[in-house]
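Biologist: I am new to this structure and would like a careful look at one part of it. Please start from a single residue and then lead me outwards to its surroundings and to the rest of the chain.

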Amino acid sequence: MKVILFCQNTYAFGILAPIKAVLEEENHSYIWYIQPKLIASFPFKNELFTTSILDVQLFKSDVIFVPGNEVPYYLRGLKVQVFHGFAGEKKGHFRIRHYFDLYLTQGPFFTHKFNELKAKFKDFEVIETGWPKLDIYYQNDLDYTEKRAHLLDSHKAKNILLYAPTFSPSLTSAPYLLDEIEALAQREDYFILLKFHPLMHAKWIDVYKTLAAKYPQVQFVTDPNIVPYLQLADLLITDTSSVIYEFLLLDKPVITFKNISKEIKWENSLHYTNLGPLVDKTLQHDEYAAARLKINNAYHPYTDGKSAERMVHAVQHYISENGVPEGRKLSYLRRKKIHKIFGKPIQHPFNGNKKVKISAAVITFNEDEHIYPLLENLQFADEIIIVDSFSTDGSIEKIKEFKNIKLIQRPFVNFTDQKQFALDQCAHNWVVLIDADERLTDGLKNEVLKTVHSDQPKAAAYFFKRTFMFKNEKMRFSGTQSDKNYRLFQKSKVHFDTSKTVHETLVVHGDSAVLSHKLIHFSYKNYEDFKAKRLKYTHMQAKELLAKNKKPTLLHFLFKPAFRFIKHYIIQLGFLDGKKGLILSYLMALGIYNRYAVLKRLQKKTDLK
């Protein structure tokens with residue numbers, strides 16, 4: 001059975017990990033799909049994973065497990081919602097969005113509700129299995145006794161409190177309990193853990209991080225997995241977060257503020273006050289202990305630690321009875337929503353035999369912010385070569401998290417020298433050589449695969465057209481509309497011109513062609529970054545001109561920068577890009593001026609020798 005573990009948020013990792021373990025044990029194949037924003041926090045980088053919808057299209061899955069609300073309708077496979085919590089009182093928990101073939105429910109309360117909806121819509125099935133994230137609680141391989149004792153002893157506290165509010169702006173208590181939490185932080189008898197949902201507004205994350213830094217009795221938790229902290233805590237403080245039910249299932253007390261549940265079996269306050277007295281009272285006398293049993297039986301009666309196993313076996317049985325769905329039919333508006341979130345399906349994805357192998361190569365230096373998305377983007381290649389100029393920003397440590405990367409560290413002489421070296425290290429004749437701030441789109445990757453594996457005659461080298469990104473917005477003019485570079489070629493038919501040291505030039509022995517899909521170029525992070533990059537290039541260009549004995553004149557300082565600005569802003573329609581077109585045109589002109597200013601300084605130093 002081929003399975004996609006589909007993650008849109010970090011909480012999905014803890015939910016799907018037990019399913020992954022069962023898949024491994026039973027020798028099923030699987031791939032993780034994660035949103036690009038999750039790469040840094042993804043804990044399984046040594047496993048097969050992707051951020052590419054094309055990759056999961058090509059995977060041709062039998063099952064897709066989704067702890068979220070959306071999944072692309074056009075993917076092959078049984079689409080299964082496994083849920084991301086127990087908050088049945090929240091708006092949307094029982095909303096049918098028509099993306100799923102099967103709902104695997106946590107317990108009788110949820111099963112009853114979804115069976116009612118099944119009778120109404122008649123286009124999905126419901127099976128009760130339990131919730132996989134809770135399996136770990138019942139498998140006796142986690143013991144936090146020692147860690148808990150250490151925390152209490154080191155902070156001279158008597159109890160551990162966990163504050164974990166919901167992120168929903170209309171329901172969260174975070175803005176209102178700040179003073180109350182701070183008052184608790186000043187007491188020595190409590191140690192407080194702060195664990196916020198990844199979708200919590202950044203303002204409140206920053207405020208509570210500041211609070212934690214101020215008081216030794218407070219720790220702000222950044223680990224996306226809340227399980228250890230639920231185990232450590234004696235008491236949970238929250239509002240309408242679904243984590244309530246996870247904590248109740250551990251048979252421990254909860255205090256909420258303005259909870260909207262219709263059936264509350266814990267301490268709930270209608271006012272954001274008196275947190276300290278409520279904590280004291282609840283820890284001294286847990287009056288809701290008996291009521292928790294009723295909730296546990298309705299929400300999750302499974303204590304055998306085998307919910308993930310039941311889920312895997314449930315989908316196997318479903319497929320044996322009904323086959324594997326090729327996709328789901330949706331309304332136009334729902335299809336449009338999926339396209340906005342995940343993109344449109346790649347038409348005619350490559351699914352033939354791989355007749356040759358592809359090498360991918362990149363030169364890097366201090367590319368910390370690009371490394372994760374870069375390396376994931378190149379996973380379609382048969383080998384990935386990184387030639388690094390001794391980065392000092394953490395890039396190397398991130399590269400080493402991936403198991404299939406060949407890392408070579410080598411001093412940087414110039415761009416041509418470094419790229420030729422990288423090319424020489426490639427084991428395969430077909431090479432994709434990109435910059436660290438470039439990304440292949442799904443459409444472009446598909447076109448590359450179709451091109452190199454085609455039976456048709458092939459060019460020696462292929463240009464990639466590029467989409468220039470100004471921060472996170474596309475540039476459409478300013479000269480970027482004609483931007484293209486060689487990025488795919490046959491190693492045996494190309495080499496770099498060693499006389500060009502900055503803007504490296506590929507010498508091609510044979511025909512060239514242009515692929516239709518575009519490469520994304522994330523060159524402009526912010527004004528200062530792009531300016532520094534341009535000045536670095538122009539300094540190197542000045543050295544190249546000095547070696548050729550070029551001498552700057554008034555023409556170079558006045559007319560060339562002015563013409564470069566006019567070219568980008570007027571001739572190449574930069575004014576249609578608004579402010580970003582003006583900035584780009586100015587920086588390109590500044591680069592020309594700086595090139596000759598540096599050349600003049602270098603010339604003077606040479607003349608003095």
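Biologist: Is Phe575 buried, exposed or partly exposed, and what is its relative accessible area?

Modeller: Please keep in mind throughout that this is a predicted model. Phe575 has a relative accessible area of 40%, and because buried is set at under 20% and exposed at over 50%, with partly exposed in between, Phe575 counts as partly exposed. Its place in the chain is the loop that runs between H18 and helix H19 (578–608). Phe575 also belongs to a nonpolar surface patch of about 640 Å², which is made together with Phe563, Ile566, Ile570, Ile571, Leu573 and Leu576.

One member of that patch, Leu573, comes just after H18 and takes a positive phi of about 65 degrees. Helix H18 itself covers residues 554–571 and bends by about 25 degrees at Lys560, with a proline, Pro561, following within four residues. That proline is also among the buried residues of H18, which are His556, Phe557, Pro561 and His568. As background to such a list, an α-helix has 3.6 residues a turn, so residues three or four places apart point the same way.

From here we can turn to another helix and its surroundings. In H5, the residues Glu180, Ile181, Glu182, Leu184 and Ala185 are buried, and the buried residues of this helix pack against strand S8 (159–163), strand S9 (190–195), H6, strand S10 (218–221), strand S11 (235–238) and helix H9 (275–284). A salt bridge also involves H5, for the side chains of Lys214 and Glu182 meet with N and O 3.1 Å apart. This pair links distant parts of the chain, since Lys214 lies in helix H6 (residues 202–214) and Glu182 in helix H5 (residues 178–185), 32 residues apart. The two partners can be described one by one: Lys214 counts as exposed at 55% relative accessibility, whereas Glu182 is buried, with a relative accessible area of 18%.

The salt bridges of the model number 29, and another of them joins Glu326 to Arg76, with the closest N and O atoms 3.1 Å apart. Here the partners are 250 residues apart, Glu326 sitting in the loop between helix H11 (307–322) and helix H12 (332–342), and Arg76 in the loop between strand S4 (63–66) and strand S5 (78–81). Glu326 counts as exposed, at 54% relative accessibility, while Arg76 is partly exposed, with a relative accessible area of 26%.

A further salt bridge is formed by the side chains of Glu438 and Arg487, at 2.9 Å from N to O. It connects strand S18 (residues 438–440), which holds Glu438, with strand S21 (residues 484–490), which holds Arg487, the two being 49 residues apart. Both Glu438 and Arg487 are buried, and through shared partners a network of salt bridges brings together Lys419, Asp435, Glu438, Arg466, Asp483, Arg487 and Glu504.

Lastly, Asn259 shows how a loop residue can be placed: it lies between strand S12 (254–257) and strand S13 (267–269), and it is buried, with a relative accessible area of 8%. A polar atom of the Asn259 side chain lies 2.7 Å from the backbone nitrogen of Ser261. Leaving aside residues up to four places away in sequence, Asn259 touches Asp239, Thr240, Ile244, Ile264, Trp266 and Asn268.

Note on methods
Residues are numbered from 1 along each chain as its sequence is written. This is a predicted model: local features need pLDDT of at least 70, side-chain atom pairs count only at pLDDT 80 or more; totals for chains, interfaces and linings use all residues. Side-chain values use heavy atoms; hydrogens and water are left out. A salt bridge is a side-chain nitrogen of Lys or Arg within 4 Å of a carboxyl oxygen of Asp or Glu. Buried means under 20% relative accessible area, exposed over 50%, partly exposed in between (1.4 Å probe, protein chains only). A polar contact is a pair of N or O atoms within 3.5 Å; within protein, one must be able to donate a hydrogen and the other to accept it, and residues adjacent in sequence count only if both atoms are side-chain atoms. Contact means heavy atoms within 4.5 Å. The bend at a residue is the angle between axes fitted to the seven residues ending there and the seven starting there. Patches are made of residues with over 30% relative accessible area and no salt bridge: like charges are joined within 9 Å, nonpolar side chains (Val, Leu, Ile, Met, Phe, Trp, Tyr) within 5 Å. Accessible areas come from the Shrake-Rupley method with a 1.4 Å probe; for residues, only the protein chains shown count as cover.
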